[in-house]
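Subject: Structure handover

Hello,

Here is the structure I promised to pass on. My notes on it follow below.

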Amino acid sequence: MTEHPTRSDQDLAYFDERRSAEVVAARNGAAADARTAEVLGTLVRHLHAGIREAAVTPEEWLAAIQFLTRTGQICTDWRQEFILLSDILGVSMLVDAINHHRPDGATENTVLGPFYVPDAPRYASGENICLDGKGEPMLVRGRVIDGEGRPVPGATLDVWATNDDGFYDVQQQDVQPANNLRGVFTAEADGRYWFRTVKPRFYPIPDDGPVGELLRALDRSVNRPAHLHFIVTAPGYDRVVTHIFMPDCDYLPTDAVFGVKSSLIAQTEHVDDAAEAKRVGLPNPFWRVDWDFVLVPTA
Ligand code: BEZ
Ligand code: FE
């Protein structure tokens with residue numbers, strides 16, 4: 001009987017359980033894009049290690065493939081279930097974190113989320129972005145400054161939030177007024193900004209698809225704690241994509257997308273002062289949040 005030649009350990013042409021990730025990496029051609037090969041090689045190495053460590057069965061792997069298939073199938077022009085999956089796995093926050101290291105005291109980034117809409121209406125300072133009249137009135141005011149406390153006049157603050165029923169305007173286009181709870185403000189000469197809104201409340205991320213299914217299988221909350229979204233920009237400064245979180249929300253420690261950072265939790269004040277309410281154009285009593293955004297010059 002003829003013996004087949006044995007292949008040496010160095011030979012990565014054929015599958016080898018012990019060196020499976022190396023076999024995959026060795027298949028790349030000489031003209032492979034270097035960065036693609038690097039990132040994919042690293043991910044394949046960790047994926048193979050995970051499969052080995054958890055001893056994944058064929059049934060479990062098929063279930064994972066079916067989950068990813070459903071994740072793709074539910075995507076539309078306005079629903080991106082893969083980003084949601086990245087959010088609930090902490091990957092969106094990690095990619096943001098490793099790319100936005102900032103000095104102490106600078107406003108930190110957090111997750112953008114799927115409900116940002118460019119070109120929201122521009123408002124003068126003090127205007128009210130709540131167009132449906134629901135919720136507890138709230139004044140948000142503060143300054144946009146640099147790390148030395150100097151004003152950043154002309155900074156743009158793009159803000160968006162859910163209404164008091166826990167939905168963004170774009171999720172309820174036949175129910176809410178267009179551009180409800182969103183608008184763009186400009187910091188004044190001394191860096192000050194202020195606007196009127198309503199106190200945000202917690203709400204569930206879209207949970208009627210595979211991501212919601214996964215969260216329930218893991219006995220995890222589908223809720224995001226109450227927050228206002230901001231994108232703050234000014235020429236010559238890093239763009240800040242961030243939130244202000246409400247301090248009294250029960251869901252701060254269980255945010256479905258890991259967006260909470262302790263530096264982004266504000267203090268709220270319940271103001272009962274009829275004269276002050278009249279001065280700022282809100283019913284009495286009202287909530288007040290003082291919040292400064294600290295920008296970092298672009299490197
Ligand atoms: C949001 O805060 O709007 C959000 C962020 C991530 C996923 C879903 C919603
Ligand atoms: Fe949100």
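Please keep in mind that this is a predicted model. I have sorted the notes by topic.

**Surface patch**

Start with isoleucine 65, which sits in helix α3. Isoleucine 65 is partly exposed, because its relative accessibility is 37% and that class runs between 20% and 50%. Ile65 belongs to a nonpolar surface patch, together with Leu47, Val56, Trp61 and Leu62. The patch covers about 430 Å². Which helix gives the most to it? Helix α3, residues 58–73, does so with 3 residues.

**Pockets**

The largest pocket holds about 590 Å³ of space. It is lined by 25 residues, and Trp78, Arg79, Phe115, Gln171 and Pro206 are the closest to its centre. Two elements, α4 (81–88) and β5 (203–204), each supply at least two lining residues. Helix α4 gives the most, with 4 residues. By class, the lining of this pocket splits into 13 nonpolar, 6 polar and 6 charged residues.

The second largest pocket holds about 490 Å³. Its lining has 16 residues. Nearest its centre lie Trp61, Ala64, Phe67, Leu68 and Leu89. Here α2 (34–54), α3 and α6 (210–217) each supply at least two residues. The largest share, 7 residues, comes from α3. So α3 turns up twice: it gives the most to the nonpolar patch, and the largest share of this lining, under the DSSP numbering from the N terminus. Trp61 also appears in both places, in the patch and close to the centre of the second largest pocket. The lining has 12 nonpolar, 1 polar and 3 charged residues.

**Cavity**

Rolling a probe the size of a water molecule over the atoms shows where empty space is left. How many cavities of 30 Å³ or more does the structure hold? There is 1. About 110 Å³ of space lies in this largest cavity. Gly113, Pro114, Tyr203, Ile205 and Arg224 are the closest to its centre, out of 15 lining residues. The lining comprises 11 nonpolar, 2 polar and 2 charged residues.

**Salt bridges**

Side chains of opposite charge can pair when their charged atoms come close. The count here is 19 salt bridges. Three pairs are worth a look.

- Glutamate 81 and arginine 79 meet at 2.9 Å, N to O. Both residues are buried. Arg79 is also among the residues closest to the centre of the largest pocket.
- Aspartate 146 pairs with arginine 150, with the closest N and O atoms 2.8 Å apart. Is each partner buried or partly exposed? Aspartate 146 is buried, because its relative accessible area is 6%. Arginine 150 is partly exposed, because its value is 48%.
- Arginine 192 pairs with aspartate 190, with the closest N and O atoms 3.3 Å apart. Arginine 192 is partly exposed, at 43% relative accessible area. Aspartate 190 is partly exposed too, at 33%.

There is also a network: Glu269, Glu276, Arg279 and Arg288 are joined by salt bridges that share partners.

**A long-range contact**

Valine 289 lies in strand β10, residues 286–290. Valine 289 counts as buried, because its relative accessibility is 1% and the class holds anything under 20%. Its C-alpha is 7.6 Å from that of methionine 138. In sequence, valine 289 and methionine 138 are 151 residues apart.

**Backbone points**

Check the peptide bond from asparagine 284 to proline 285. It is cis, with omega near -5°. Proline 285 is in the loop between α7 (274–280) and β10.

Two residues other than glycine have positive phi, and you will find them in the loop between β2 and β3. Asparagine 179 has phi of about 65°. Its loop runs between β2 (156–160) and β3 (182–186). Leucine 181 has phi near 60°. Which of them is buried, and which is partly exposed? Asparagine 179 is partly exposed, because its relative accessibility is 27%. Leucine 181 is buried, because its relative accessible area is 0%.

Best wishes

Technical notes: Residues numbered from 1 in each chain as written. Chains lettered and ligands numbered in written order. Predicted model: local features only at pLDDT ≥ 70, side-chain atom pairs only at ≥ 80, totals over all residues. Heavy atoms only, no water. Patch = residues over 30% accessible without salt bridge, like charges linked within 9 Å, V, L, I, M, F, W, Y side chains within 5 Å. Areas by Shrake-Rupley, 256 points an atom, 1.4 Å probe, with all protein chains shown as cover. Salt bridge = Lys/Arg side-chain N within 4 Å of Asp/Glu carboxyl O. Buried < 20%, exposed > 50% of the residue type's maximum accessible area, 1.4 Å probe, protein only. 1 Å grid on protein atoms, 1.4 Å probe; cavity = no way out; pocket = protein on both sides within 12 Å on 5 of 7 lines; lining within 4 Å. Points joined across faces, edges and corners; volume = space filled by probe spheres on them. Nonpolar A, V, L, I, M, F, W, Y, C, P; charged D, E, K, R; others polar.
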